[in-house]
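Please open the structure in your viewer and keep the selection tool at hand, as this tour goes from one residue to the next.

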Amino acid sequence: MEDYKDNDDLELYNSVIEELCINHREKSITFQILKTISRVDRNGGFTYRVKKGTLKFENVVHANIPYSFEWDEWSEIYRSAVLESSNVIDDVRETAKGNKHFKHIYLGIDYGVEYKEIDIVCSNHYLLLEDQEYILHDDFDWLYEE
């Protein structure tokens, strides 16, 4: 296993994926997420305090996106890495890269039963978070204010 696959460069550990959008016209990939802010312990278990957010990758020239759903499971981002150089970047055709600087973004996602890896090569990425914090429901009703 490559040494970057245990990183969490984007600080997204346990962040829940609400939605995934791939826009071919804009050459962008957008995840609507619930970013974990803190753990909330409860009698008999725990949940998370979260903020809604948008994780966007722009000017994408390569992506592999193995995606799946599991009943009664959240899809959660467990690992992330931002690489300035990698074999994945090297494998992108020179005509696709042009003279731009690209980064390799790695995401490790737990779908419940399966763990899959996503590689995205893009020139820009960002995370925007809303101000409001919520508690993540245990019963998959998603959010409530506390």
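## A tour by selection

Start by selecting V82, which counts as partly exposed at 24% relative accessibility. This is a predicted model, and every stop below should be read with that in mind. V82 is part of strand β5, which covers residues 76-83. Now show what surrounds this residue: leaving aside residues up to four places away in sequence, V82 touches D9, L10, K103, H104, I105 and H125. From that list, pick H125, which is 43 residues from V82 along the chain, although the C-alpha atoms of the two are separated by 9.8 Å.

Next, turn to the charged side chains. Side chains of opposite charge can pair when their charged atoms come close. How many salt bridges does the structure hold? There are five salt bridges in the structure, and three of them can be visited here, beginning with E26 and K56.

Select E26 and K56 together, and you will find a salt bridge whose closest N and O atoms are 3.5 Å apart. E26 sits in the loop between β1 (15-23) and β2 (28-42), while K56 belongs to strand β3 (residues 45-58), so this pair ties together parts that are 30 residues apart in sequence. Is each partner buried or exposed? E26 is partly exposed, with a relative accessible area of 49%, whereas K56, at 16% relative accessibility, counts as buried.

Move on to D41 and R39, whose side chains meet in a salt bridge with an N to O distance of 2.9 Å. Here D41 counts as exposed, its relative accessibility being 57%.

For the next pair, select K116 and E114, where the side chains form a salt bridge at 3.8 Å from N to O. K116 counts as buried, at 18% relative accessibility, and E114 counts as partly exposed, at 37%.

Finally, look at the cysteines. A disulfide is a covalent bond between the sulfur atoms of two cysteines. How many disulfides are counted in this structure? The count comes to zero, and selecting C21 shows the reason: the closest cysteine sulfur to its own is in C122, 15 Å away, which is too far for a bond, because a disulfide requires sulfur atoms within 2.5 Å. Seen from the other end, C122 is likewise in no disulfide, with the sulfur of C21 as its nearest cysteine sulfur. While both are selected, compare their surroundings: C21 counts as partly exposed at 36% relative accessibility, whereas C122 counts as buried at 0%.

Note on methods: Residues are numbered from 1 along each chain as its sequence is written. This is a predicted model: local features need pLDDT of at least 70, side-chain atom pairs count only at pLDDT 80 or more; totals for chains, interfaces and linings use all residues. Side-chain values use heavy atoms; hydrogens and water are left out. A salt bridge is a side-chain nitrogen of Lys or Arg within 4 Å of a carboxyl oxygen of Asp or Glu. Helices (H or I, at least four residues) and strands (E, at least two) are DSSP runs, numbered from the N terminus. Buried means under 20% relative accessible area, exposed over 50%, partly exposed in between (1.4 Å probe, protein chains only). Contact means heavy atoms within 4.5 Å.
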